[in-house]
Each structure stands twice: as structure tokens, then as C-alpha cells.
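Subject: Structure handover

Hello,

Here is the structure for your records. My notes on what was found in it follow below.

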Amino acid sequence: MLSYAKTPDWQTRSSVPIQCVCAVERVDENAFQLQNVMQVITRDPEGQLHTMYLQCKNVNELNQWLSAIRKASIYNERMLPSFHPGAHRGNKWTCCLQSERSALGCSRTHSAVTLGDWSDPLDPDAEAQTIYKELLQGRDKLRKQYLETEETEDAAQEESTVKQRKPSDRVGASVQGRNERVRAVASRLLDMVLDLERAHASFQHRETEEASSLILPS
């Protein structure tokens with residue numbers, strides 16, 4: 001049984017017998033203007049198809065759910081050979097513009113494709129973009145926590161050298177060495193984020209130039 005709830009503590013909002021699943025696929029972002037949406041297509045005892053749309057937290061969670069449900073339903077009977085990666089809105093499918101809701105799917109399903117297979121339709125660009133956003137969001141916190149305190153710590157260390165050495169000095173030296181290593185790693189990570197920013201800006205500039213060159217004069 002496949003059950004769905006907003007959180008583990010919430011009451012189950014919907015449940016579907018896993019043997020009724022006949023396809024589980026990604027949904028195009030432009031279908032609902034949302035990222036990381038998947039669709040679970042099921043068939044009821046009367047043979048009618050039903051689609052449940054679910055949004056995942058990120059692309060990795062999306063891939064994990066796709067893989068898990070496909071593995072559980074891979075031996076189901078009457079699996080669909082095709083599906084619609086869009087949604088039926090405004091009296092037409094957003095993917096192929098067919099008007100009939102019951103129209104045959106316009107894309108091939110990936111029922112036998114699970115995480116780890118060489119042909120798994122992962123989205124490396126989306127995953128790289130997610131990592132890039134996470135690095136950007138944590139950049140200021142990283143700099144403030146590890147680098148902006150460096151001068152203060154160095155000043156305190158210079159002051160301590162003037163005082164008489166104590167048995168605990170070796171412990172302090174060990175802590176200082178560890179802090180220096182952490183700051184070095186943080187500094188390298190910030191340099192990497194800066195390189196990524198430059199590469200991202202350069203790529204956007206190149207895309208803009210290429211798009212401009214494709215515009216025909218009126």
C-alpha cells in the first residue's frame with residue numbers, strides 16, 4: 001500500500017494499493033510552475049486511470065521516490081507504455097496540446113528504470129544548481145563564523161604569548177591548530193564558491209549573447 005501524508009505525524013491523506021500503480025514519472029516544471037513534481041498513475045478495478053501529483057522537497061528526494069515506487073511496481077500487470085509529462089489544464093495537455101484527457105501519452109514511460117541504473121533519467125544540471133544555491137545561501141554564514149573571527153583570535157593569541165606559559169598551553173596549541181585547519185577548509189570552500197559565481201556569470205553572459213544573435217532583424 002502506498003500512503004501519503006504531509007508529515008509522518010499527520011493523518012494519511014491518500015493511499016493507493018501498489019498493485020494498482022501502472023506508471024510513476026516526472027512532471028514538467030511548466031505544468032504547474034513547480035519543481036520536483038512526480039505523478040503516480042493508477043488503474044481502478046473498472047479500468048479507469050487516475051493520476052496523483054506529488055511535490056518532493058528536492059531533486060534527490062524525487063529520484064529516490066521514483067526509484068522506490070518503480071521497484072515495488074515493476075512486476076505489476078498492464079503497466080503503461082507511455083504517459084503525459086505535462087498536465088491537462090485549460091482543456092488541453094500542456095505537453096503535447098492534445099485536447100482529449102484520455103489521449104495516449106506523448107512520452108515513453110521509464111517503469112523499469114531505477115536509481116543506480118546507467119539509463120536512469122537523472123537531472124545532473126538541476127542537482128548541480130541545487131548544490132550551487134545551497135553554497136550561496138551558506139556563504140555569508142561560513143565567512144562570518146570562520147573567517148571574520150580570525151583577527152580576533154589572532155589578537156588573543158598574541159596577548160597570551162606575553163603571559164607566563166602554563167601546562168595547559170599544549171592543549172591550547174592543539175585547539176589552535178585545529179581551528180587553523182578549519183579556517184583553511186572554509187577559505188578554500190569560499191574560493192570555490194567565488195569561482196562558481198564567475199563561471200555562472202560568464203555562462204549567463206554567453207547565453208545572452210547567443211540568444212541576441214538568433215534574433216532576426218525586422
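To start with one strand pair: Val37 stands opposite Gln55 in S5. Please keep in mind that this is a predicted model.

The sheet

Val37 belongs to strand S4, which spans residues 37–43 and is joined to S5 by seven bridges, the two running antiparallel. Further along, Ile41 has Thr51 of S5 as its bridge partner. The hairpin of S4 and S5 has five residues between the strands, and Gly47 takes a positive phi near 90° there.

These two strands are part of an open sheet of three, in the order S3-S4-S5, with antiparallel pairing. Its edges are strand S3 (21–26) and strand S5 (49–55), each of which pairs on one side only. Ignoring direction, neighbouring strands of this sheet are turned by 20° against each other on average. Helix H2, residues 59–73, packs on the sheet and touches S3 and S4. The direction of H2 makes about 160° with that of S3. As background, strands of a sheet pair through backbone hydrogen bonds, either parallel or antiparallel.

The largest pocket

How much space lies in the largest pocket? The value is about 490 Å³. The pocket is lined by 20 residues, and the closest to its centre are Leu49, Thr51, Trp93, Arg101 and Ser102. Thr51 is thus a link back to the sheet, as the bridge partner of Ile41. The elements that give two or more residues to the lining are S4, S5 and strand S6 (82–83). S5 supplies the largest share of the lining, four residues.

The cysteines

How many disulfides does a search of the whole structure find? The count is zero. For Cys106, which is in no disulfide, the nearest cysteine sulfur is that of Cys95, 3.5 Å away. The cut-off for a disulfide is a pair of cysteine sulfur atoms within 2.5 Å, so a separation of 3.5 Å does not qualify.

Is Cys56 buried or exposed? Cys56 has a relative accessible area of 6% and is buried, because buried means under 20%. Cys106 has 37% relative accessibility and counts as partly exposed, because that class lies between the 20% limit for buried and the 50% limit for exposed.

Regards

Key: Residues are numbered from 1 along each chain as its sequence is written. This is a predicted model: local features need pLDDT of at least 70, side-chain atom pairs count only at pLDDT 80 or more; totals for chains, interfaces and linings use all residues. Side-chain values use heavy atoms; hydrogens and water are left out. Two strands pair if DSSP finds at least two bridges between them. Axes are lines fitted to C-alpha atoms, for helices over the stretch in contact, and angles run from 0 to 180 degrees between N-to-C directions. Contact means heavy atoms within 4.5 Å. Buried means under 20% relative accessible area, exposed over 50%, partly exposed in between (1.4 Å probe, protein chains only). On a 1 Å grid over the protein atoms alone, a cavity is a set of points where a 1.4 Å probe fits but cannot get out, and a pocket is an open set with protein on both sides within 12 Å along at least five of seven lines; lining residues have an atom within 4 Å of a point. Grid points are joined across faces, edges and corners, and a volume is the space filled by probe spheres set on the points.
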